Protein chains: 2
Amino acid sequence: MEKRVTIKDVAHEAGVSTATVSYVIHGKESLSEETIRRVNDAIRTLKYVPHMSARSLASNRSHLLGVVIPQTEPNRPLMFDNPFYSEFLSGVEYTARMNGYHMIISGEDMDESYLEICKKRNLDGVVVLGMYPDEFYYTLKEANISIVLVDSYCQDGYFHSVQIDDEHGGYIATKYLIEKGHRKIALLTGHIQKDGVSRRRCLGYRRALEEAGIAFNDHDVYQGPVEHEFGMEMADTIIHKNSYTAVFATADIVAIGLSKALKAKGLRIPEDISLMGFDDLSITELIDTPLTTVKQGIYQKGEAAVNMLIECIEKKETNRQEITLPIHILERASVKDIAQ
Amino acid sequence: MEKRVTIKDVAHEAGVSTATVSYVIHGKESLSEETIRRVNDAIRTLKYVPHMSARSLASNRSHLLGVVIPQTEPNRPLMFDNPFYSEFLSGVEYTARMNGYHMIISGEDMDESYLEICKKRNLDGVVVLGMYPDEFYYTLKEANISIVLVDSYCQDGYFHSVQIDDEHGGYIATKYLIEKGHRKIALLTGHIQKDGVSRRRCLGYRRALEEAGIAFNDHDVYQGPVEHEFGMEMADTIIHKNSYTAVFATADIVAIGLSKALKAKGLRIPEDISLMGFDDLSITELIDTPLTTVKQGIYQKGEAAVNMLIECIEKKETNRQEITLPIHILERASVKDIAQ
DNA sequence: CTGAAAGCGCTTACAG
DNA sequence: CTGAAAGCGCTTACAG
């Protein structure tokens, strides 16, 4: 193994001190043109690459971002196979990379709190997607670094936030169905939790219903895990109960599962039952059912989260930042107009 | 920001030197029970978390693994939305995490060779999925760390390897179709490159054909990007040319795209045309077409790659390691038996 | 405009 | 069985 080229070698080659090399690397002003040129030349000819660990140790900046995504349970694989997370991560990775950061993705494990990872790797910041137990947030604050929460309604002023208006999403989706003449609309949603998105979407569903003079009924709300299996399992219920003409699934992945099971049982979409999704996952393109859905920019969410995070890190911003991304109905063909 | 708890604090609390603390952390033998107990107690009460950057700097071990996956082009997002990569990454992340490593995923950029990332982050090893320009491998060797290649037939003795028998996969898939009476079989494959998997799968296809006395014809081989769009675009060709009764797509994602386009044009699978895939992507479950395919363990590939990598890192193994994972036909219902 | 030097938090021969 | 001390490769007040 050849010896590593260090800042010392560069300093020697350029005939300056290591301090000066460090200064030109970090663009400190008030360096003479000549010095800058010499140092940069030396860096090039020696192919110097900085050692981030050393830099991290000395400056307390790692240029490393943590990314937390949900996992089924602690000490289990992450939910990479959920396309929602993949698309989100794609936006995160790309934005981080373009800004000179790397990301470390990981889950929560029993034996190691996320706070430990923050300290261990000296993370500059972290983006957290989804909902976690209260204790998670509470502990995380101790890390004393910039944190942006995505898809969480946790109102703690310490955390920055990137989100969409989920209540509005639930509202426009339901309203759309109602305008197409539907009055018996089932809601398939993730588990409703205090600060989670499902609750908001459900609230929007309810508002649209009541606005149209349709009674909201708890029995029409079906909660389950945000996975296609949940959609599949619900097929029988949807067919046999309450004569539903439409289903609003608050996640495409659930809508897709339901659609598949429904078709397997001989039903047609939208002729026999209408379907509305939420997300507009890119894999929707692979599905035969042309799913009408509430489109949100998942990739853009990742992008926005990282941009916000980096801005907070570099400007040492402590005031709570918040951004709400736009959403809209994407009309395909899974909803039938049954209004006379 | 509270001051960080360091090994010094632990040493002080336990009444020993920092060297001793370091020794018990790394399980050096020949420590008195008493010392070990005192140090561990101190670690616990102080909630000491090691600073990996410092450790990395001092010991030249970062416990950081690099993961390279393909991207459409340099300076672009990675192909997270391709389910193949997601599943692979899931295996990689989980295995790394369970072994006390973190992973850094990144692509190749114009302005930064992967070698620079290795040096910058002081990576302990890297797993490389897929094919890259020769120069990539050439440069990477300079990093002088353990590297395992996945799905590459690069025979350079420096690189360890995890793979499947792609020729065999192509062979059994084609043979299966032939046994079901098919003789006009189109092959949809990724671009055929020297050390790539596509070439091998194509070779297997050819062998099965010739073994059955069917002439291999270059015109039946269609190369394109491994994306569902490619499958969709091929629908017309498949329908109108050479009266194919079956298609073997060397990637599920392509088969899924083709299937969708075929159905949109009114064809039925397998009644009108039979379809064989490759991979067994987990999203196949979401598709209405019950795709018969060559199943490989994608998650397991990631797992095997990391296990091999960590073993090489920790045992300083330099002899080339190689493992070939099993594959088999997974029979669903996209192939029709047309043999009399 | 630039340099000497302390310090970041660890590890590891070496000595005893 | 344990400790003193050098060293890993950087950054950054401070001084001039």
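**Notes on the predicted A/B pair and its DNA contact**

1. Start with the symmetry: a turn of 180° and a shift of 0.0 Å along the axis lay chain B on chain A with an RMSD of 0.0 Å. That is the relation of a two-fold axis. If you want a landmark in chain B, look for Ser53(B), whose C-alpha is the nearest to the axis at 2.2 Å. Keep in mind that this is a predicted model.

2. How many residues does each chain put into the contact? Chain A brings 45 residues and chain B brings 44. On the chain B side, at least two residues each come from helix H4 (52-59), helix H5 (83-98), strand E2 (102-106), helix H6 (114-121) and helix H12 (252-264). The top contributor there is H5(B), with eight residues. By residue class, the chain B side that touches chain A splits into 18 nonpolar, 13 polar and 13 charged.

3. The copies meet through the same surface, because 100% of the interface residues of chain B are also interface residues in chain A.

4. Now the DNA. Strand D has 27 residues around it, and the closest are Ile7(A), Ala19(A), Ser22(A), Ala58(A) and Ala19(B). Both protein chains take part: helix H2 (18-25) and helix H4 (52-59) of chain A, along with helix H2 (18-25) and H4 of chain B, each supply at least two residues of the surface near DNA strand D. For the electrostatics-minded, that surface has just two charged residues, next to 13 nonpolar and 12 polar ones.

5. On domains, chain A is cut into domain 1 (7-50), domain 2 (64-164 + 299-324) and domain 3 (166-296). Between domain 1 of chain A and domain 2 of chain A, the C-alpha centres are 35 Å apart.

6. Chain A also has an open sheet of six strands with mixed pairing, running E7-E6-E8-E9-E10-E12. Strand E7 (221-223) and strand E12 (327-330) of chain A are at the edges with a single partner strand each, so one side of each has no neighbour in the sheet. From one strand to the next, the twist averages 15°.

7. Zooming in on one pair of that sheet: strand E6 (residues 185-189) and strand E8 (residues 246-249) of chain A run parallel and are joined by four bridges. Leu188(A) has Ala249(A) in E8(A) as its bridge partner. Helix H9 (residues 197-211) of chain A packs on the sheet, where it touches E6, E7, E8 and strand E9 (274-279) of chain A. The direction of helix H9 of chain A makes about 170° with that of E6(A).

Terms used:
Residues are numbered from 1 along each chain as its sequence is written. Chains are lettered from A and ligands numbered from 1 in the order in which they are written. This is a predicted model: local features need pLDDT of at least 70, side-chain atom pairs count only at pLDDT 80 or more; totals for chains, interfaces and linings use all residues. Two residues are in contact if their C-beta atoms, placed from the backbone, lie within 7 Å. Ala, Val, Leu, Ile, Met, Phe, Trp, Tyr, Cys and Pro count as nonpolar, Asp, Glu, Lys and Arg as charged, and the others, Gly among them, as polar. A residue is near a molecule or strand if its C-beta atom, placed from the backbone, lies within 6 Å of it. Copies are superposed by least squares on the C-alpha atoms of residues with pLDDT of at least 70 in both. Domain bounds come from an automatic or database domain assignment. Two strands pair if DSSP finds at least two bridges between them. Axes are lines fitted to C-alpha atoms, for helices over the stretch in contact, and angles run from 0 to 180 degrees between N-to-C directions.
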